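The exercises below each set a task and then work through a solution step by step. Please look over the sequence and the structure before reading the solutions.

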Amino acid sequence: MSVFVLLFNARTDNEGIYSTQVGDRNVILMFEQEDDAVRYADQLEAEDFPKPTVEGIDPEEIEEFCQDSDYDCILVTAEMLVTPPSQHLEETDWQPEGRKQAQTAEDEIDLEAMRRRLERLL
């Protein structure tokens, strides 16, 4: 059996999994039906959130990830109606691919400037 989760930048070094906050806890949604996960992803995109990829994953793998990361997870069954929260975090643990590339370019410029300053000291 697989469940469906929402991933950002799937299969990259900058991959992130969608979670929502319930109280002070981060909760990963595991969708029983792929269609429900796709619908939720579309709703996120409609709220100007980057569109995630829907991926089928073994539920035990997600539960293990949650234990290691101190997250909770819930199974969203076909009978449940869930919608994204109206507010989103401004900062995430992952960055959209374009922002990550821009940050890398900025880091390279900063390193180059630092290298030139150090060379002048010699």
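Is Asp-72 buried, partly exposed or exposed, and what is its relative accessible area? The model is predicted, and the relative accessible area computed for Asp-72 is 31%, so this residue is partly exposed.

**Exercise 1. Describe the overall make-up of the chain.**

Step 1. Begin with the elements: the chain contains three helices and six strands, and, read from the N terminus, they follow the order β-β-β-β-α-β-α-β-α.

Step 2. Turn to accessibility, where buried residues account for 30% of the 122 residues in the chain, while the chain exposes about 8600 Å², of which carbon and sulfur atoms supply 47%.

Step 3. Consider the contacts with a separation of 6 or more, and note that 73% of them are between residues 24 or more positions apart.

**Exercise 2. Find the salt bridges that involve Asp-72, Asp-42 and Glu-45, and describe the setting of their partners.**

Step 1. Recall that side chains of opposite charge can pair when their charged atoms come close. With a cut-off of 4 Å between a side-chain nitrogen of Lys or Arg and a carboxyl oxygen of Asp or Glu, the count comes to six salt bridges.

Step 2. One of these joins the side chains of Asp-72 and Arg-25, with an N to O distance of 3.0 Å. This pair links distant parts of the chain, since Asp-72 belongs to strand 6 (residues 72-76) and Arg-25 to strand 4 (residues 25-31), 47 residues apart. Arg-25, like its partner, is partly exposed, with a relative accessible area of 25%.

Step 3. Next take Asp-42, which forms a salt bridge with Lys-51 at 2.7 Å between the closest N and O atoms. Asp-42 counts as partly exposed at 34% relative accessibility, and Lys-51 counts as partly exposed at 44%.

Step 4. Glu-45 also forms a salt bridge with Lys-51, the closest N and O atoms here being 3.8 Å apart, and Glu-45 is partly exposed at 39% relative accessibility. Elsewhere, salt bridges that share partners join Arg-25, Asp-70 and Asp-72 into one network.

**Exercise 3. Work out which residues of helix 1 are buried, how they are arranged around the axis, and what covers them.**

Step 1. Check the geometry: helix 1 (residues 34-46) has 13 residues, and the distance from its first C-alpha to its last is 18 Å, close to the 18 Å expected at 1.5 Å a residue.

Step 2. List the buried residues of helix 1, namely Asp-36, Ala-37, Tyr-40, Ala-41 and Leu-44. Because they cover an arc of only 140° around the axis, they lie on the same side of helix 1. The general background is that an α-helix has 3.6 residues a turn, so residues three or four places apart point the same way.

Step 3. Look at the other side of helix 1, where Asp-35 and Ala-46 are exposed. The cover over the buried residues of helix 1 includes strand 1 (3-8), strand 4 and strand 5 (53-57).

Step 4. Examine one buried residue that has a carboxylate side chain by name, Asp-36, which counts as buried at 16% relative accessibility. Leaving aside neighbours within four places in sequence, Asp-36 is in contact with Phe-31, Thr-77 and Ala-78.

Step 5. Finish just after helix 1, where Asp-48 takes a positive phi of about 65°.

**Exercise 4. Place Phe-4 in the chain and identify what it touches.**

Step 1. Phe-4 lies in strand 1 and is buried, with a relative accessible area of 17%.

Step 2. Compare sequence with space: Phe-4 and Phe-31 are 27 residues apart in sequence, while their C-alpha atoms are 4.9 Å apart.

Step 3. Not counting residues up to four places away in sequence, Phe-4 touches several others, among them Leu-29, Phe-31, Ala-37, Val-54 and Gly-56.

**Exercise 5. Decide whether Cys-66 and Cys-73 are joined or unjoined.**

Step 1. The closest cysteine sulfur to that of Cys-66 belongs to Cys-73 and is 4.0 Å away, which is too far for a bond, given that a disulfide requires the sulfur atoms to be within 2.5 Å.

Step 2. Cys-73 is therefore in no disulfide, and the count for the model comes to zero disulfides.

Step 3. As for their settings, Cys-66 counts as buried at 3% relative accessibility, whereas Cys-73 is partly exposed at 24%.

How values were computed
Residues are numbered from 1 along each chain as its sequence is written. This is a predicted model: local features need pLDDT of at least 70, side-chain atom pairs count only at pLDDT 80 or more; totals for chains, interfaces and linings use all residues. Side-chain values use heavy atoms; hydrogens and water are left out. Helices (H or I, at least four residues) and strands (E, at least two) are DSSP runs, numbered from the N terminus. Buried means under 20% relative accessible area, exposed over 50%, partly exposed in between (1.4 Å probe, protein chains only). The expected span of a helix is 1.5 Å times one less than its number of residues. The arc is that of the directions from the helix axis to the C-beta atoms. Contact means heavy atoms within 4.5 Å. Accessible areas come from the Shrake-Rupley method with a 1.4 Å probe; for residues, only the protein chains shown count as cover.
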